[in-house]
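Q: I have a model open in front of me. Can you walk me through reading its features, one at a time?

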Amino acid sequence: MMTTTEEHKEIWEFLTEVPDPEIPVINLVELGVVRAVDVTEDGTLKITITPTYTGCPAKKLFEDLIHEKLVEKGFEKIEIESVLSPAWTTDWLSEETLQKMMDEGISPPTDGDKVIQCPNCKSKDTKLVSQFGSTPCQSLYTCNECKEPFNYFKCHR
Amino acid sequence: MKLELQHDESKFLIRLADTSVILGQRLAEMCSRGPFLEEDMALSNISLDLFGRAEELYKLICKIEGADYTPDDLVYRRNEREYYNIKLVEQPNEDFAWVIARQFFHDLYAETLFGQLTTSSNAELAGLAVKVLKEIKYSHMHAADWMDRLGLGTEESNHRLQYAVDHLRKYIVEIFDFDDLDRRFIADTASLETTWRNAVSAKLQACNIEEKEIVTPSIRDFRDGYHSEHMGNLLSIMQYLPRAYPDAKW
C-alpha cells in the first residue's frame, strides 16, 4: 500500500493532462474542478471533483475524461465523487490560468464583471452583447475599439 | 411508477425539484425559437441550470429515501398527479413576454427561497443552495432586464407583457398558501411572501405594468399534485421517448 505524498503528486500531474472539453487550453486542475486526490486503504484511487455550474453539459464528461486518463496511466480501481460544497468560484483560477485564457482569446474574469478587456487589442472600452454565451461560464462582448466580438469568462463567486 | 416518499424532507424537496425540471422543460421548448440568436442561447443556458438544479435535488431525494430509483425515473416515469411543481412554471410559452414574466416571477421566488435554505440544518442541502443561488441571481438579472425592455419598449411590447402578467399572476396565490411542511423547512415563510410581493409591485410599477384585480382559478393546490390543463401536454412531450422506448440509452 502506497499513499505517499510523492504518489499523490504524480496523480495530480496526470490530472493536469486532462483538458477542459470546452476550453482545451485550460486543464481540469487549473479550472478548480479537481478538489482532492486520495488513495483508500484497499488501494482505490478516489478523486473528488466539483462542477463549475450545476447544469454544465460537460459535467458528466469531466468524470469520463478523468477516468479515461487514469486508466491510461495504469490505474484500475478508480472512484470519482462529485461534491457541491464548497461551491466552485472563479476566485480559484490562478494568475497564470487567467493569462492563458487571455492568450487564447477569452477575456478572463475580473472582479464583479466591471472592467472587461478585449483579448484582441487589449482595449478596456468594451460592451456586453449577451449575458449568456456559448458555454454556461461565458458571456458575449464586443470591443468598441477594434469592433471584434469575444467571449468573456464570467466572474462567479 | 407509483411514488411513495417516506421522509418529510424529500416530500418538501420534490416540490422544488419538480418546479425546476418543469420550468427547465418550458425553456428547452424555446431552443431555436428565441427572438434572436443571443437570446436563444440565454434561454437554453438558463434551462440547463434548471435541469442541473433539479438533478441535484432529485439525487438528494434518492439519497434521503435510500431509493432504488434514479433521478431519471423520477422525471420520466411519474404521471401528472405525482408531480408537485408550482403551476406558474407549467404555463405555456404563449409568446416571449410570457417566457420573461414567468421567469421573473419564478426567479424572485427561487432566489428568496434558496437564500433561506443556505442555512438549512441539512449540510448537503445548504451547500446545494449556496451553489444554485449564484445561478438564480444571474438568471433573475436577465429576466428583470427584459421586464424593463418589454414594459418600457413599444406600445405593443407593453401590451403583451401586461397580458402575460395578468394571466400568470393567477398562479401566485397558491405559492404562498403554505402548509406545515413548508413551515418546517423554510425558515421564514412570511418574509418569503412579503419580499416577493414588494419586489414584484416595485418592478411592475417601474416598467409601467398595472397590477390588476385578478380572479384565481379554481384548481386545487399543487402540493396535492393538482395542475392546470397545460401540464399533461408538457409531460407527454417530455416523457415521450423513455415511455416509447423504456430503458433506451444514448
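**Reading the chain contacts and domains**

A: Start with how the chains meet. In this predicted model, 20 residues of chain B are in contact with 16 residues of chain A.

Q: Which elements give two or more residues to the side of chain B that touches chain A?

A: Look for helices or strands that supply several contact residues. Here they are α2 (37–65) and α5 (123–151) of chain B. The largest share, eleven residues, comes from α2(B).

Q: What is that side of chain B made of, by class?

A: Sort the contact residues by chemistry. The side of chain B that touches chain A has nine nonpolar, four polar and seven charged residues.

Q: Now chain A alone. Where is confidence lowest, and where is it highest?

A: Check the average, then the extremes. Where pLDDT is low, the predicted coordinates should not be read in detail. Chain A averages a pLDDT of 91, and 96% of the residues score at least 70. The lowest mean, 85, falls in helix α1 (residues 5–15) of chain A. Strand β4 (residues 106–107) of chain A is highest, at 96.

Q: What domains does the assignment give for chain A?

A: Take the bounds before the contacts. Domain 1 of chain A spans 5–88, and domain 2 spans 93–153. Their C-alpha centres lie 27 Å apart.

Q: How many residues of domain 1 of chain A are in contact with domain 2 of chain A?

A: Count both sides. Ten residues of domain 1 of chain A are in contact with ten residues of domain 2 of chain A. The domain 1 side has five nonpolar, three polar and two charged residues.

Notes
Residues numbered from 1 in each chain as written. Chains lettered and ligands numbered in written order. Predicted model: local features only at pLDDT ≥ 70, side-chain atom pairs only at ≥ 80, totals over all residues. Contact = placed C-beta atoms within 7 Å. Helix = DSSP H or I, 4+ residues; strand = E, 2+ residues; numbered from the N terminus. Nonpolar A, V, L, I, M, F, W, Y, C, P; charged D, E, K, R; others polar. pLDDT = per-residue confidence, 0-100. Domains from an automatic or database assignment.
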